[in-house]
2 protein chains.
Amino acid sequence: VAKVIVNAQRILKLDERDPLRELRERFKLPHDEVYLDGNSLGPLLFQVRERLQHTIDVQWGQRLIRSWNESWIELPGVVASKIAPLVGAPPEDLTCADSVSVNIFKILAASLTLTPARPIILSLNDVFPTDLYISEGLATLLGAVRCKVKLTNLDQLEKSLDDQVNVLLMSQVNFRSGEAYDVKIITELAHRYGVRVLWDLSHSVGVLPVNLAANHVDFAVGCGYKFLNGGPGAPAFVYVNHELQQQLKQPLTGWMGHSAPFDFNPEYQPAPGIDRFLAGTPGILGMSALDAALDLWREVCLDTVVEKSQHLSRLFIEMVQQSPVLNSPENNLEIIHVSARGSQVSLRHPQAFAISQALIDCGIICDFRFPDLVRFGFAPLYIRYQDILTTTESLAEIMSTKRYQQSQFQQPGKVT
Amino acid sequence: VAKVIVNAQRILKLDERDPLRELRERFKLPHDEVYLDGNSLGPLLFQVRERLQHTIDVQWGQRLIRSWNESWIELPGVVASKIAPLVGAPPEDLTCADSVSVNIFKILAASLTLTPARPIILSLNDVFPTDLYISEGLATLLGAVRCKVKLTNLDQLEKSLDDQVNVLLMSQVNFRSGEAYDVKIITELAHRYGVRVLWDLSHSVGVLPVNLAANHVDFAVGCGYKFLNGGPGAPAFVYVNHELQQQLKQPLTGWMGHSAPFDFNPEYQPAPGIDRFLAGTPGILGMSALDAALDLWREVCLDTVVEKSQHLSRLFIEMVQQSPVLNSPENNLEIIHVSARGSQVSLRHPQAFAISQALIDCGIICDFRFPDLVRFGFAPLYIRYQDILTTTESLAEIMSTKRYQQSQFQQPGKVT
């Protein structure tokens with residue numbers, strides 16, 4: 001086995017002193033595996049399983065339709081109130097509904113409708129694809145006079161801001177490189193040009209501070225199934241600055257966004273606040289799971305989580321750099337360095353797909369991003385410092401033996 | 001107790017001879033209650049509970065991210081293939097995604113974009129409100145030149161059809177009256193004027209035949225949580241006639257509708273078929289529940305279900321009519337008669353809210369629709385003929401004693 005040069009004593013100490021160390025046992029995690037895909041799908045919390053049993057057996061199974069009045073109708077607001085402190089928002093400016101894609105559509109459409117003189121949605125070339133697709137879908141629907149999508153790079157951002165730009169759509173963390181963008185600086189920059197900013201927090205909520213209100217962010221959306229551990233396809237959240245809420249008309253005016261949904265009036269009267277960003281009937285199983293998962297944050301301070309997240313990434317990079325195998329030029333493994341990062345590290349290699357498959361084969365659950373990245377997500381609520389050691393050792397073994405070149409790892413396939 | 005005139009022997013025989021009688025025990029139903037709200041929220045099937053345990057503990061809890069490739073990514077298509085025979089559609093023309101509201105938006109927007117010379121969405125005054133709200137939301141977004149909503153009554157329908165109408169949006173069953181509209185006749189009528197038809201099957205799927213393909217229906221949407229028993233807020237389904245699919249550009253172009261979602265290309269390339277009507281990441285818990293609930297239909301013939309549904313309604317109406325109490329003019333209870341009906345009956349009374357509350361208080365779970373309707377849903381998979389007897393007896397008791405006038409039943413509240 002190729003050894004990584006490391007002070008094992010030091011790693012053990014880090015775990016012993018980790019103020020979050022006791023949280024790990026709250027998760028159902030596979031034995032003999034290191035799960036580094038919590039940035040794609042967070043694992044199951046035992047409290048979520050318990051809550052789902054209650055939702056299924058008691059709320060649905062016994063109380064049936066009465067559960068709508070007894071608890072479900074309030075659920076979007078309850079979930080929002082638990083996400084609010086993680087993103088620095090007043091609870092009444094946030095709600096939980098639909099998917100990230102659908103919420104981006106609502107926001108962009110509403111913002112363009114409010115200020116039609118500015119038809120451009122500006123984003124970065126490497127923003128998460130669904131954000132881009134949704135922008136293009138809206139542009140196709142509205143036509144070029146009302147909506148155009150323009151893409152730029154971060155270093156060209158200021159040059160691209162002008163009085164034609166309506167919204168700047170940013171992901172706080174780049175899903176490939178792990179780079180974290182500065183919410184405060186970029187929001188201020190956009191505001192200087194009269195441009196609103198929509199932050200997609202999918203890859204950052206729960207591992208980075210956001211401070212939506214303090215940074216005067218206009219809009220934000222985010223995902224419930226990554227670092228929030230809400231379960232596969234958990235509903236998304238949407239934030240709208242309270243100064244804009246009353247003016248905005250989002251087009252997906254489903255009955256749950258009505259001021260009185262159960263009156264069944266023929267005229268749509270939007271709910272007075274953030275509830276107007278609800279659309280159809282919410283999926284209660286998914287939202288209940290997310291609600292229960294968020295209760296973990298009552299016991300956790302975000303600052304501590306952010307600090308551990310950054311420490312895990314730094315340790316991984318340091319160990320890769322110090323490993324004679326991983327650092328050897330012949331192995332051709334490039335660390336993607338960024339000036340600030342979320343809770344993930346990517347390594348570049350022409351055989352990235354095969355390497356990711358070989359790692360999964362020996363229990364290191366990472367993922368591949370086309371064309372040449374292996375992605376490692378470090379979710380601080382359950383990943384230990386010793387997991388970084390295990391990962392680096394496995395990677396060194398795979399690289400030194402070139403085991404990833406075996407044919408069973410070469411087959412390309414779907415990777416989420 | 002006020003007696004309803006009935007041949008109890010006859011009721012017992014009906015239950016004994018009911019070919020669906022054994023299905024009831026597959027549902028978790030509250031004891032000592034008659035659940036007549038399956039048209040709002042279907043009850044829990046034990047097989048759904050079992051499937052959810054598997055989804056939670058094994059797929060999410062153990063396989064984690066791998067479950068996307070192993071099963072979840074196929075789920076919208078799997079669910080669609082089980083709904084397809086219930087609505088007479090080829091499985092490849094149907095998919096499962098989002099809510100009914102969101103799917104209506106996709107269809108209307110795509111149809112208007114395809115034929116901009118016809119800007120009108122036509123619907124009935126008493127269509128389900130969310131269908132109307134969504135149409136209005138789209139009209140507000142697109143502006144009056146591109147989209148106008150026009151409402152009419154059924155008897156004025158043909159007069160309202162002209163070369164300005166793009167889509168006729170119909171609910172197959174009226175949510176208040178229970179009236180069922182003729183899919184074949186109305187679709188043909190609209191087609192004579194070059195108008196496409198979007199049928200909302202939320203209140204009919206699983207209790208009425210639809211025959212989407214045979215009737216050349218253009219579009220349909222429907223709900224998973226009513227007669228399909230998919231659970232609270234279960235995802236909806238969407239049908240698009242295969243002749244239209246390739247031409248349509250729906251605007252909610254989330255990554256799941258991309259031809260290769262996991263390639264993360266910056267350009268949106270819609271999936272070749274119905275999958276382009278997917279948007280964001282689907283809620284897997286809700287979709288798994290619906291998938292398991294639909295397996296019941298492997299053992300059931302839709303014709304038998306439809307027949308029992310109609311029989312239950314007829315029996316209820318007959319018993320109300322034959323009851324001296326319920327039929328007495330002083331009790332002022334009016335049966336809402338319709339020429340064809342779904343699986344529900346409504347009674348009109350000025351004190352409908354109080355009556356519904358008094359019924360619920362004695363274990364008859366019905367609901368109220370503003371301003372003056374008590375609604376009784378008869379889900380044939382688990383409602384027995386003897387439940388009709390129990391319901392009518394309770395109603396007669398409440399009306400003869402005027403117990404509904406007690407103050408605890410008078411408080412208006414939310415009713416779903």
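This is a dialogue about reading a few features of a predicted model.

Trainee: Let's start with the strands. How many bridges join β5(A) to β6(A), and do the two run parallel or antiparallel?

Mentor: Here is a general idea to keep in mind: in a regular strand the side chains alternate between the two faces of the sheet. Now look at chain A. Strand β5, residues 120-124, is joined to strand β6, residues 148-152, by five bridges, and the two run parallel. For one pair to look at, take Ile121(A): its bridge partner in β6(A) is Val149(A).

Trainee: Which unit do β5(A), α6 and β6(A) make?

Mentor: Together with helix α6 of chain A, residues 129-142, the two strands make a β-α-β unit, and it is right-handed.

Trainee: Now the two chains. How many residues does each of chain A and chain B bring to the contact?

Mentor: Chain A gives 83 residues and chain B gives 83 residues. The buried area between them is about 7,100 Å², and carbon and sulfur atoms give 67% of that. On the chain B side, Trp60(B), Tyr133(B) and Phe264(B) supply 12% of the area that chain B buries against chain A, more than any other three residues.

Trainee: And how many salt bridges and polar contacts lie between chain B and chain A?

Mentor: There are four salt bridges between the chains. One to find on screen is Arg66(B) with Glu33(A), where the closest N and O atoms are 2.8 Å apart. As for polar contact, 25 residue pairs are found across the interface, both residues being at pLDDT 80 or more.

Trainee: Which elements of chain B touch chain A?

Mentor: Those giving two or more residues are α2 (46-63), α3 (66-70), α5 (100-114), α6 (129-142) and α10 (284-294) of chain B. The helix that gives the most is α6(B), with eleven residues. Sort the residues on this side of chain B by type and you get 43 nonpolar, 24 polar and 16 charged.

Trainee: Let's go back inside one chain. Which parts does the salt bridge of Asp18(A) and Lys308(A) tie together?

Mentor: Their closest N and O atoms are 2.7 Å apart. Asp18(A) is in the loop between α1 (8-17) and β1 of chain A, while Lys308(A) is in helix α11 of chain A, so the pair ties together parts that are 290 residues apart in sequence. Over all chains, the structure holds 42 salt bridges.

Trainee: What does His311(A) touch, leaving out residues up to four places away in sequence?

Mentor: His311(A) belongs to helix α11 of chain A, residues 302-322. With those sequence neighbours left out, it touches Leu14(A) and Tyr385(A). For a separation, try Leu169(A): the C-alpha atoms of His311(A) and Leu169(A) are 29 Å apart, with their positions 142 residues apart along the chain.

Trainee: What about the backbone? Where is there a cis peptide bond in chain A?

Mentor: Most residues other than glycine have a negative phi, and most peptide bonds are trans. In chain A, the bond joining Phe370(A) and Pro371(A) is cis, with omega about 0°. Pro371(A) is in the loop between β14 (367-369) and β15 (373-377) of chain A. Chain B has a cis bond from Phe370(B) to Pro371(B), with omega near 0°, and Pro371(B) is in the loop between β14 and β15 of chain B.

Trainee: And is the phi of Asp32(A) positive or negative?

Mentor: Asp32(A) has a positive phi of about 60°, although it is not a glycine. You'll find Asp32(A) in the loop between β1 (27-28) and β2 (34-35) of chain A.

Terms used:
Residues numbered from 1 in each chain as written. Chains lettered and ligands numbered in written order. Predicted model: local features only at pLDDT ≥ 70, side-chain atom pairs only at ≥ 80, totals over all residues. Heavy atoms only, no water. Pairing = 2+ DSSP bridges. Helix = DSSP H or I, 4+ residues; strand = E, 2+ residues; numbered from the N terminus. Right-handed = clockwise from strand over helix to strand, strands pointing away. Contact = heavy atoms within 4.5 Å. Buried area = accessible area lost by both parts, 1.4 Å probe. Salt bridge = Lys/Arg side-chain N within 4 Å of Asp/Glu carboxyl O. Polar contact = N/O pair within 3.5 Å; in protein donor to acceptor, adjacent residues only side chain to side chain. Nonpolar A, V, L, I, M, F, W, Y, C, P; charged D, E, K, R; others polar.
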